Amino acid sequence: MTGRSGKGGSSGKGGSGKGKGGSSGKGTGASGAKGSSGRGYGGRELGVRLKSARGRTHSSQLWLERQLNDPYVARARRDGYRSRAVYKLMEIDDKARILKPGQVVLDLGAAPGGWSQLAAERVGAAEGKGRVVAIDLLPVDPIPGVDILQMDFMDDAAPGRLREMLGAPADVVLSDMAANTVGHRQTDHLRIVALLEAAAHFAVEVLTPGGAFLAKVFQGGTEGEVLNLLKRHFSSVKHVKPAASRSGSSEMYVLATGFRKREARDEVEQGS
Ligand SMILES: C[S@@+](CC[C@H](N)C(=O)[O-])C[C@H]1O[C@@H](n2cnc3c(N)ncnc32)[C@H](O)[C@@H]1O
């Protein structure tokens with residue numbers, strides 16, 4: 001991942017973005033091409049194998065080789081996006097059309113900023129049509145039209161700060177948050193589930209009727225309790241695995257659309 005500045009705190013709208021100030025905060029890719037939809041979703045391009053490990057551990061050597069051989073990494077660089085992850089959101093949104101001009105979007109776990117860049121583009125945030133609010137533990141370089149908060153989403157103060165920054169109900173809540181793994185399976189699993197639960201609970205507090213929630217999940221999909229919460233609050237809940245999500249990983253996304261108005265929710269709850 002690239003594009004971290006080391007800057008902290010909350011930054012306002014209209015930063016210069018990375019690179020040479022494209023309206024989306026994208027750097028200038030080699031081709032200058034925009035990361036719009038309909039360009040396919042990659043294909044093998046490179047065949048790089050590093051000759052020397054140069055003091056790297058075996059796993060970081062493998063990671064580096066995978067990055068160098070990853071068509072999405074190359075494509076992100078060309079298109080001026082900060083992460084290969086952007087193509088996951090792009091593919092999901094090209095099909096489901098959750099991002100629309102003028103919307104208010106919340107991006108949880110935003111660094112280095114690929115999803116925020118795309119969301120800002122699609123809602124027209126740089127032109128003042130829509131807005132994106134983003135949070136991450138790590139710093140995120142400014143992106144025009146995106147309000148960035150560097151904070152732990154699990155901090156008790158985070159929901160209040162985000163609500164203030166949103167200033168209005170959100171149309172879309174995105175969460176690509178992923179906890180750092182510690183290698184202990186159960187601990188890792190619990191941390192992943194805790195993030196998803198917190199994101200889902202916050203989403204149902206801040207979404208506007210008709211709104212959408214998209215979040216990263218692992219290990220066979222959404223856990224029972226969160227899944228029930230989402231089914232109660234949304235008219236459609238499904239799991240999707242975009243092509244850019246590495247096939248060897250258990251990562252996928254839960255996409256919940258059609259956030260229900262309170263009365264409609266009450267009817268579902270009484271019926272169940
Ligand atoms: C896969 S990356 C997100 C990539 C991003 N969607 C993009 O396109 O650039 C996951 C992010 O979640 C963030 N994260 C994990 N736990 C978090 C927490 N408790 N609060 C805020 N951010 C968190 C990590 O710092 C990391 O930057």
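Setting aside neighbours within four places in sequence, Ser 250 is in contact with Phe 218 and Gln 219. The model is predicted. Ser 250 sits in the loop between strand 6 (234-240) and strand 7 (252-259). Ser 250 and Gln 219 are 31 residues apart in sequence. In space, their C-alpha atoms are 5.3 Å apart. Is Ser 250 buried or exposed? Ser 250 has 12 other C-beta atoms within 10 Å, so it is exposed.

Leu 214 gives the opposite answer. Leu 214 lies in strand 5 (residues 207-217). It is buried, because 25 other C-beta atoms lie within 10 Å. Which residues does Leu 214 contact, leaving aside its neighbours within four places in sequence? They are Ile 92, Ile 98, Leu 174, Tyr 253 and Leu 255. Leu 214 can also be set beside His 239, 25 residues apart along the chain. The C-alpha atoms of these two are separated by 9.5 Å.

Arg 97 is another residue to look up in the structure. Arg 97 is found in the loop between helix 3 and strand 1. It follows helix 3. Its phi is positive, about 55°, although Arg 97 is not a glycine. Arg 97 has 11 C-beta neighbours inside 10 Å, so it counts as exposed.

The table sets out the three residues just described.

| Residue | Place | Other C-beta atoms within 10 Å | State |
|---|---|---|---|
| Ser 250 | loop between strand 6 and strand 7 | 12 | exposed |
| Leu 214 | strand 5 | 25 | buried |
| Arg 97 | loop between helix 3 and strand 1 | 11 | exposed |

**The whole chain**

Now step back to the chain. Its secondary structure comes to 8 helices and 7 strands. The chain has 272 residues, and 40% of them count as buried. Take the contacts with a separation of 6 or more. Residues 24 or more positions apart account for 68% of these.

**Helix 3 and helix 4**

Helix 3 (residues 86-96) comes before Arg 97. Helix 3 is mostly covered, with 8 of its 11 residues buried. They are Val 86, Tyr 87, Lys 88, Leu 89, Met 90, Glu 91, Ile 92 and Asp 93. What covers them? The cover includes helix 2, helix 4, strand 5, strand 6 and strand 7.

Helix 4 (residues 114-123) is mostly covered too: 10 of its 10 residues are buried. Among them are Trp 115, Leu 118, Glu 121 and Val 123. The cover over helix 4 includes two helices, helix 2 (71-79) and helix 3. It also includes strand 1 (104-108), strand 2, strand 3 (146-150) and strand 4 (170-175).

How do the two helices meet? Their axes come within 8 Å and cross at roughly 40°. The crossing is right-handed. Helix 3 brings Val 86, Leu 89, Met 90 and Asp 93 to the contact. Helix 4 brings Gly 114, Trp 115, Gln 117, Leu 118 and Arg 122. By class, the contact has 5 nonpolar, 2 polar and 2 charged residues.

Both ends of helix 4 have a backbone feature to find. Pro 112 is in the loop between strand 1 and helix 4. A cis peptide bond joins Ala 111 and Pro 112, with omega about 5°. After helix 4 comes Gly 124, whose phi is positive, near 80°.

**Around the ligand**

Which residues come nearest to the ligand? There are 23 residues around the ligand, and the nearest are Ser 83, Gly 109, Gly 114, Phe 153 and Asp 176. Helix 4 and strand 2 (131-136) are the elements that give two or more residues to this shell. By class, the shell has 15 nonpolar, 4 polar and 4 charged residues. Gly 114 therefore appears twice in this report: it is part of the helix contact, and it is one of the residues nearest the ligand.

**Helix 7**

Helix 7 (residues 224-233) shows two sides. Its buried residues are Val 226, Leu 230 and His 233. Why do they line one face of the helix? Seen down the axis of helix 7, they fall within an arc of 70°, so they share that face. On the other side, Gly 224 and Glu 225 are exposed.

How values were computed
Residues numbered from 1 in each chain as written. Predicted model: local features only at pLDDT ≥ 70, side-chain atom pairs only at ≥ 80, totals over all residues. Axes fitted to C-alpha atoms, helices over the stretch in contact; angles between N-to-C directions. Helix = DSSP H or I, 4+ residues; strand = E, 2+ residues; numbered from the N terminus. Left-handed = near helix turned anticlockwise from the far one by under 90°. Contact = placed C-beta atoms within 7 Å. Nonpolar A, V, L, I, M, F, W, Y, C, P; charged D, E, K, R; others polar. Near = placed C-beta within 6 Å. Buried ≥ 20, exposed ≤ 12 C-beta atoms within 10 Å, placed from the backbone. Arc of directions from axis to C-beta.
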